[in-house]
Amino acid sequence: MEGARGSRTLERLGWEVIWIWCLAQGGCKFGLYEYFKKTYADALRTWIYFLSSASAQVIADVALCPFEEVKVSVQTQPNYAKGLVDGFPKLYAAEGLPGFYRGLAPFWARNLPCK
């Protein structure tokens, strides 16, 4: 029963969400990695890689967080929205701009130590 509900949620969100999500996070993460690696080139090599990776991950998570907030709202609240197109304005109207980033700290706690 639970699996059927999850697949219906994916159908409601559509594959566009997955593509936008991957492009936003992946583009920032991998695109900015080289930039930050060169920016921190004067430090020790290990720190260069650490800072480059962490900097790119932080910016990628900031880019991804609004999509994640809408996705979680659509998945956990029945009849919240049909997908991103109507989910973004609804979240903005209810919580304003901070609503898009309310889960950023837990998101970082989950992502940064493992990267």
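**Lysine 37 and its partner**

I looked up lysine 37 and noted that lysine 37 is partly exposed, with a relative accessible area of 22%; buried means under 20% relative accessible area, exposed over 50%, and partly exposed in between (1.4 Å probe, protein chains only). I keep in mind that this is a predicted model, in which local features need pLDDT of at least 70 and side-chain atom pairs count only at pLDDT 80 or more, while totals for chains, interfaces and linings use all residues. Residues are numbered from 1 along each chain as its sequence is written, and side-chain values use heavy atoms, with hydrogens and water left out.

I then found that lysine 37 forms a salt bridge with glutamate 34, their closest N and O atoms being 3.3 Å apart; a salt bridge is a side-chain nitrogen of Lys or Arg within 4 Å of a carboxyl oxygen of Asp or Glu. Both residues lie in helix H2 (residues 15–39), three residues apart, about one turn of the helix. Helices (H or I, at least four residues) and strands (E, at least two) are DSSP runs, numbered from the N terminus. Glutamate 34 is partly exposed as well, at 37%.

**Other salt bridges**

I searched the whole structure and noted four salt bridges. In helix H3, lysine 71 and glutamate 68 are three residues apart, about one turn, and their side chains meet in a salt bridge at 3.5 Å, N to O; both of these residues are buried.

Glutamate 95 pairs with arginine 102, the closest N and O atoms being 2.3 Å apart. I recorded a relative accessible area of 38% for glutamate 95, which is partly exposed, and 43% for arginine 102, which also counts as partly exposed. Glu69, Glu95 and Arg102 are linked in a network of salt bridges.

**Helix H4 and the loop before it**

I next turned to alanine 81, in the loop between helix H3 (45–76) and helix H4 (84–95), and found that at 7% relative accessibility it counts as buried. Its C-alpha atom is separated by 9.5 Å from that of leucine 91, ten residues apart along the chain.

In H4 itself I noted that Leu84, Gly87 and Leu91 are buried. Seen down the axis of H4, its buried residues fall within an arc of 60 degrees (the arc of the directions from the helix axis to the C-beta atoms), so they line one face of the helix. On the other side of H4, Val85, Tyr92 and Ala93 are exposed. Glycine 96 follows H4, and its phi is positive, near 75 degrees.
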